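Me: Please present the model for discussion. I should like to examine its metal site, backbone geometry and internal space.

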Amino acid sequence: MTPDQIESAVAAAMPQAVEELKRLVAIPSVAFPGHPEEPVLAAAAVTEELLRSVGLHHVQQIPVEGSFPAVYGEAPGPAGAPTVLLYAHYDVQPAGDPANWRTPPFEPTLIDGRLFGRGAADDKSGIISHVIALRAFQGHFPVNIKVIIEGQEEYAGERLEAFVEQNPELLRADAIVVADTGNPKVGDPSVTTSLRGMAAFTIEVRSLKEALHSGSFGGAAPDALAALMRMLTALHDDNGDIRVPGLPRGAFLGQGPSEEEFREVAGVLDGVSLVGSGSLADRLWASYAITVTGLDVPTVSGAVNAVQPVARARVTVRVPPSGDPKTTSDAVMEFLRQVAPWGVQVSFGDLTVGSGFQADSGGKARSALNRAMERAFGRAPRDVGAGGSIPLVNTLLKQFPLAEILLFGAEDEAANIHAPNERLDLEELRRTATAEALFLRELGLPSALGV
Ligand SMILES: [Zn+2]
């Protein structure tokens, strides 16, 4: 097929694809504990049906231990062609309070070319992008195709990792497309080449055997909450830069957002300044970030006049690809111990870590993708980083060290993933699917193989 034919085929496939996306979004496939399992399995069934509809063979739901099934399909390309694995996930984040949504989260609603609904972007857009791109070839694929759609990425998404380790042959590929990211802005093509890893732990501070009356004891009794606040405050200086030794600021090779763009996307209020120093790309993609994500302290409505004997916090550290999450969390915990005032007792627990990712951007698949995106978006893509981690990416990299992993997708930064009013720009979906189909074609051309 020529690039022109591919572009027309994708454009022609859009109306049906949008209906299919709506069908998926209408299913509340929240694979979190406490949510019903039936909708998750229903989304798996629809995904299976969609993969069948594009001409894949051996389409099946593969059981994943302790999780929901992964949906798999494959199809051969010409002899000697490379193999491309396409990834997405069919589970979604919980919707939260529907009152915060302008449309009901599981009633997909089209407003001004954007489809609102939980999962419309993350990551049902990834499934549909694969479907559109594959459908364009009408069963005659230019490369060997494998597709894996995961069923429990959003909740402790590590179950597929064991699956990858146990089934390497099933997923072995020369290039892996992870369609679970997006461009900084719609129409602004980018490839995510760097993901920060993370470490998270719980800190507990104890100072007294039990709570004390603040009138009788306050002023002399050591308050665990006051101690914890001092410790957490010590993590950053007045400018918001990290004070923990051993966590240097990094540099990102590539262009990040301007301060104006960032303020807009992040919804920073007028008069409130950003924190940290260095370029935004450096701060967001190549440096450490420490966030207190939870506190166990008395609530305002439940407050009594007492000095607190114990206080707890959850601390999350984002780790640049060059850093090691375990070493990082050790450094942050050691620092917190050192700044603990008054000899309070400090303990740590519930440590979780996940590594970051740095793509090699000089491979054949990446150059094929560059050409494809340049045609689909009218501009060559730039490298960007992403703050969130995708644990599976590291497993794939470990299992297939020679494979090129390409992260791109239709979840632009204003898509509100994991938040109320998640939405997908349908033109962005069309461009992304076009780029994906053109990429498969490019990779199948003899020139791309170095022949
Ligand atoms: Zn996702």
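The questions and answers below take these topics in turn.

Me: On what basis are features of this model reported?

Reply: Residues are numbered from 1 along each chain as its sequence is written. This is a predicted model, in which local features need pLDDT of at least 70, side-chain atom pairs count only at pLDDT 80 or more, and totals for chains, interfaces and linings use all residues, while side-chain values use heavy atoms, with hydrogens and water left out.

Me: Which geometry is assigned to the site of the zinc ion, given its four donor atoms?

Reply: Donors are N, O and S atoms within 2.8 Å of the metal (3.2 Å for Na, K and Ca), and sites may look incomplete because water is not among the atoms. The zinc ion is coordinated at 2.0 to 2.5 Å by His89 through NE2, by Asp122 through OD, and by Asp180 through OD twice. Four donors count as tetrahedral if all angles lie between 85 and 135 degrees, and as square planar if opposite donors are over 155 degrees apart and all others between 65 and 115; six count as octahedral under that second rule, and anything else is irregular. With angles of 53 to 139° among the donor atoms, the site is irregular.

Me: How many residues apart in sequence are the parts tied together by histidine 89 and aspartate 180?

Reply: The donors follow the spacing H-x32-D-x57-D along the chain. Strands (E, at least two residues) and helices (H or I, at least four) are DSSP runs numbered from the N terminus. Histidine 89 lies in strand E3 (residues 83-89) and aspartate 180 in the loop between strand E7 (175-178) and strand E8 (190-195), so the parts that this pair ties together are 91 residues apart.

Me: Is strand E3 largely enclosed or open?

Reply: Buried means under 20% relative accessible area, exposed over 50%, and partly exposed in between (1.4 Å probe, protein chains only). On one side of E3, Thr83, Leu85, Tyr87 and His89 are buried, as are Val84, Leu86 and Ala88 on the other. Because seven of the seven residues of E3 are buried, the strand is largely enclosed.

Me: Which residue in E6 is the bridge partner of leucine 86?

Reply: Two strands pair if DSSP finds at least two bridges between them. E3 runs parallel to E6, with seven bridges, and parallel to E7, with four bridges. In E7, valine 178 stands opposite tyrosine 87, whereas in E6 the partner of leucine 86 is valine 147.

Me: Is the peptide bond from aspartate 122 to aspartate 123 cis or trans?

Reply: Most peptide bonds are trans. Aspartate 123 is found in the loop between strand E5 (114-116) and helix H3 (124-135). With omega near 0°, the bond from aspartate 122 to aspartate 123 is cis.

Me: What is the phi of glutamine 138?

Reply: Most residues other than glycine have a negative phi. Glutamine 138 is found in the loop between H3 and strand E6 (144-150), and counts as exposed at 63% relative accessibility. Although not a glycine, glutamine 138 has a positive phi of about 45°.

Me: Which elements give two or more residues to the lining of the second largest pocket?

Reply: On a 1 Å grid over the protein atoms alone, a pocket is an open set of points with protein on both sides within 12 Å along at least five of seven lines, and lining residues have an atom within 4 Å of a point. Of the 22 residues that line the second largest pocket, the closest to its centre are Gly240, Val275, Gly276, Arg283 and Tyr288. The elements giving two or more residues to this lining are helix H9 (280-285) and strand E11 (289-296).

Note on methods:
On a 1 Å grid over the protein atoms alone, a cavity is a set of points where a 1.4 Å probe fits but cannot get out, and a pocket is an open set with protein on both sides within 12 Å along at least five of seven lines; lining residues have an atom within 4 Å of a point.
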